[in-house]
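Trainee: I am new here. Could you walk me through this structure?

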Amino acid sequence: MNRQTLDDLKTQIPLLRFLQAHHWSPARSLSRDRWMGLCPLHEDHKPSFLVDPQRNLFYCYGCGRGGDVIRFVELYHQVTFSQALALLQQWRGTGPLLQQTVRFYQVQLNRHSEAVAYLHQRGVRSPQLIEHMQIGYAPGGCLRGWLTQLGHSLTALRQTGLVTGSGYDAYVHRIVFPLEGNLYGRSISPTAPPHRFLPASKGGLYGWAQVQSCPEVVLVEGLFDYAVLWQAGFRNVTCALGNYLNARQLEQLCDAPRTLYITFDSDGNGSGQKAARELSQTLRQRGLDTRLVRLPEGHDPNSFFRQGGDAQQFQQLLEEAEP
Ligand SMILES: [Zn+2]
């Protein structure tokens with residue numbers, strides 16, 4: 001890739017817009033339109049991350065790292081230069097589209113009582129959590145109209161998978177959660193297939209940047225498990241979106257020494273427990289310290305909390321977890 005192509009990519013993806021799309025928000029402004037905020041690259045407690053939108057550069061006074069949007073992606077996603085370019089090119093294609101979709105679905109959530117009722121039924125109540133996870137609702141039959149009105153072509157909508165080949169919204173009656181470069185939709189109707197993703201990679205571990213520096217991490221299967229744990233005050237939680245981890249997720253877990261509490265579903269047929277044991281073996285071979293958390297028979301973390309379990313009881317399960 002030549003210099004010009006690189007410069008074009010950087011102009012097309014302004015650093016500030018990219019950061020904001022990754023949940024970064026400035027805490028205060030400095031002179032010459034520069035911004036300070038918490039650093040997304042290390043565990044930051046006072047704003048030490050400087051962004052200069054004019055020059056498209058960042059610098060962190062805490063961890064001493066800085067550079068352009070490509071450098072940011074390398075550090076944030078822990079990928080090589082060429083992988084960072086690929087991610088940015090992919091983001092340039094679908095990023096703005098997904099962002100607009102997520103915002104649209106967030107607005108729909110409070111307009112549909114059946115969606116809010118479903119969240120309550122799954123134990124999701126806290127407005128802070130809904131905001132933190134950017135939870136939305138796809139009623140169906142309205143996204144295509146909205147996005148084409150914003151200027152997106154039907155071809156682009158079909159390519160991302162937001163609209164089906166026959167032209168209908170792909171997500172119908174689903175609670176939606178944005179992932180990096182994808183969108184997870186959980187059906188609120190018992191007759192539809194429960195899970196839906198866009199035809200792209202499920203990406204890395206959910207919310208990894210926020211737990212990366214924790215010495216102890218709790219790993220769960222589903223976003224509703226993540227949600228109830230976060231709501232109960234556990235911030236060192238991440239989610240694999242299933243009990244099979246892709247190569248990127250495995251690499252993320254193994255990037256530093258840490259203790260991992262694998263908390264998969266305790267299903268009747270034992271498939272969650274089997275997947276947990278296999279994952280534990282794989283990770284141990286790669287030098288990680290792992291614990292298997294045993295939930296009561298037939299439970300996942302979501303049902304555990306919904307049926308009266310509390311933070312203290314879950315903490316007890318973590319302490320009793322065996323290698
Ligand atoms: Zn930093």
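**Domains, shape and one sheet**

Mentor: Welcome! The C-alpha centres of domain 1 and domain 2 lie 28 Å apart, with domain bounds coming from an automatic or database domain assignment. This is a predicted model, where local features need pLDDT of at least 70, side-chain atom pairs count only at pLDDT 80 or more, and totals for chains, interfaces and linings use all residues. Residues are numbered from 1 along each chain as its sequence is written.

Trainee: Into which domains is the chain divided?

Mentor: Following the chain, residues 3–77 make up domain 1. Domain 2 covers 94–196, and the last one listed is domain 3 (208–320).

Trainee: What share of the 323 residues counts as buried?

Mentor: A residue is buried if 20 or more other C-beta atoms, placed from the backbone, lie within 10 Å of its own. By that rule, the buried share of the chain is 34%.

Trainee: In what order do the four strands of the open sheet lie?

Mentor: Strands here are DSSP runs of E with at least two residues, numbered from the N terminus, and two of them pair if DSSP finds at least two bridges between them. The pairing in this sheet is antiparallel, and the order is β6-β7-β8-β9.

Trainee: Why is one side of β6 and of β9 left without a neighbour in the sheet?

Mentor: β6 (136–138) and β9 (195–196) stand at the edges, so each has a single partner strand.

Trainee: Which residue of β8 is the bridge partner of F177?

Mentor: Strands β7 (174–179) and β8 (182–187) pair in the antiparallel sense over six bridges. In β8, the partner of F177 is Y184.

Definitions and conventions
A residue is buried if 20 or more other C-beta atoms lie within 10 Å of its own, exposed if 12 or fewer, and partly exposed in between; C-beta atoms are placed from the backbone.
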